[in-house]
Amino acid sequence: MLPCLNKQLFGVDCLGCGLQRSFLFLITGDFIAAFKMYPAIYSLLLLGIFIIFNFYFKFKYDYQLKMGLIALNVSIIVGSYILKITH
């Protein structure tokens with residue numbers, strides 16, 4: 001696992017802390033632990049699948065869907081980060 005440079009230098013978690021471990025839990029099949037480690041893992045996975053799928057097939061409202069998924073991911077990441085820092 002790659003260490004978090006922000007945590008090593010400043011002692012504070014970054015917005016991406018836990019993503020690697022969450023992805024590892026996801027690969028090994030521990031889906032609940034993956035969500036607890038990084039709550040945005042499933043929405044990021046959905047966004048990634050959508051972007052890859054969108055390279056090959058164009059939709060009428062693909063830009064709006066992509067922006068909606070990005071906004072959803074940003075809100076989940078920021079919200080979970082605020083909860084992690086305050087608790």
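**Entry 1: terms and overall picture**

I start with a working definition: a residue is buried under 20% relative accessible area, exposed over 50%, and partly exposed in between. I also remind myself that I am reading a predicted model.

I looked up the fold. The protein chain has five helices and zero strands, and along the sequence the pattern reads α-α-α-α-α. I then checked the dimensions: the C-alpha atoms fill a box of roughly 45 × 25 × 20 Å along the principal axes. The chain has 87 residues, and 22% of them count as buried. I noted an accessible surface of about 6,500 Å², with 75% of that belonging to carbon and sulfur atoms. Among the contacts with a separation of 6 or more, 29% come from residues 24 or more positions apart.

**Entry 2: salt bridges around D13**

How many salt bridges does the count come to? I found two. In one of these, the side chains of D13 and K7 meet at 3.0 Å, N to O. I looked up both partners: D13 counts as buried because its relative accessibility is 17%, while K7 is partly exposed at 44%.

The other bridge joins K84 and D13, at 3.9 Å, N to O. For a salt bridge the nitrogen must be within 4 Å of the carboxyl oxygen, so the 3.9 Å pair qualifies. K84 lies in helix α5 and D13 in the loop between α1 and α2, so this pair ties together parts that are 71 residues apart in sequence. K84 has a relative accessible area of 36%, so I put it down as partly exposed. With shared partners, the salt bridges join K7, D13 and K84 into one network. A general reminder to myself: side chains of opposite charge can pair when their charged atoms come close.

**Entry 3: the phenylalanine rings**

I searched for aromatic pairs and the structure gave me three. F50 and F59 form a stacked pair, 6.0 Å centre to centre with 15 degrees between the planes. Why does this pair count as stacked? The planes are 15 degrees apart, and stacked means under 30 degrees, so the label follows. I checked accessibility too: F50 is buried at 12%, whereas F59 is partly exposed at 34%.

F53 and F57 form a tilted pair, with 4.8 Å between centres and 40 degrees between planes. Both turned up as partly exposed, F53 at 40% and F57 at 47%. Ring pairs link F50, F53, F57 and F59 into a cluster.

**Entry 4: helix α4 and what it packs against**

F50 led me to helix α4, which covers residues 41–56. This helix has 16 residues and reaches 24 Å from its first C-alpha to its last, close to the 22 Å expected at 1.5 Å a residue. Which residues of α4 are buried? I listed I41, S43, L47, F50 and N54. I keep the textbook rule in mind here: an α-helix has 3.6 residues a turn, so residues three or four places apart point the same way. The buried residues of α4 pack against α2, α3 (31–37) and α5 (62–86).

I followed that packing to N73, which sits in helix α5. Is N73 buried or exposed? It is buried, because its relative accessible area is 3%. Leaving aside neighbours within four places in sequence, N73 is in contact with A40, S43, L44 and L47. Two of these contacts, S43 and L47, appear in my list of buried α4 residues.

**Entry 5: a nonpolar patch on the surface**

Last, I looked at the surface. L15, Y63, M67, I70, V74, V78 and I82 form a nonpolar patch there, with about 600 Å² of accessible area together. L15 comes from the loop between α1 (5–10) and α2 (19–28). It counts as partly exposed because its relative accessibility is 42%.

I70 is found in helix α5. Its relative accessibility is 32%, so I70 is partly exposed. Patch members need over 30% relative accessible area, so I70 at 32% passes that cut-off. I also took one distance from I70: Y38 is 32 residues away in sequence and 16 Å away in space, C-alpha to C-alpha.

Methods: Residues numbered from 1 in each chain as written. Predicted model: local features only at pLDDT ≥ 70, side-chain atom pairs only at ≥ 80, totals over all residues. Heavy atoms only, no water. Patch = residues over 30% accessible without salt bridge, like charges linked within 9 Å, V, L, I, M, F, W, Y side chains within 5 Å. Areas by Shrake-Rupley, 256 points an atom, 1.4 Å probe, with all protein chains shown as cover. Helix = DSSP H or I, 4+ residues; strand = E, 2+ residues; numbered from the N terminus. Buried < 20%, exposed > 50% of the residue type's maximum accessible area, 1.4 Å probe, protein only. Contact = heavy atoms within 4.5 Å. Phe/Tyr/Trp six-rings, centres within 6.5 Å; stacked < 30°, edge-to-face > 60°. Expected span 1.5 Å × (residues − 1).
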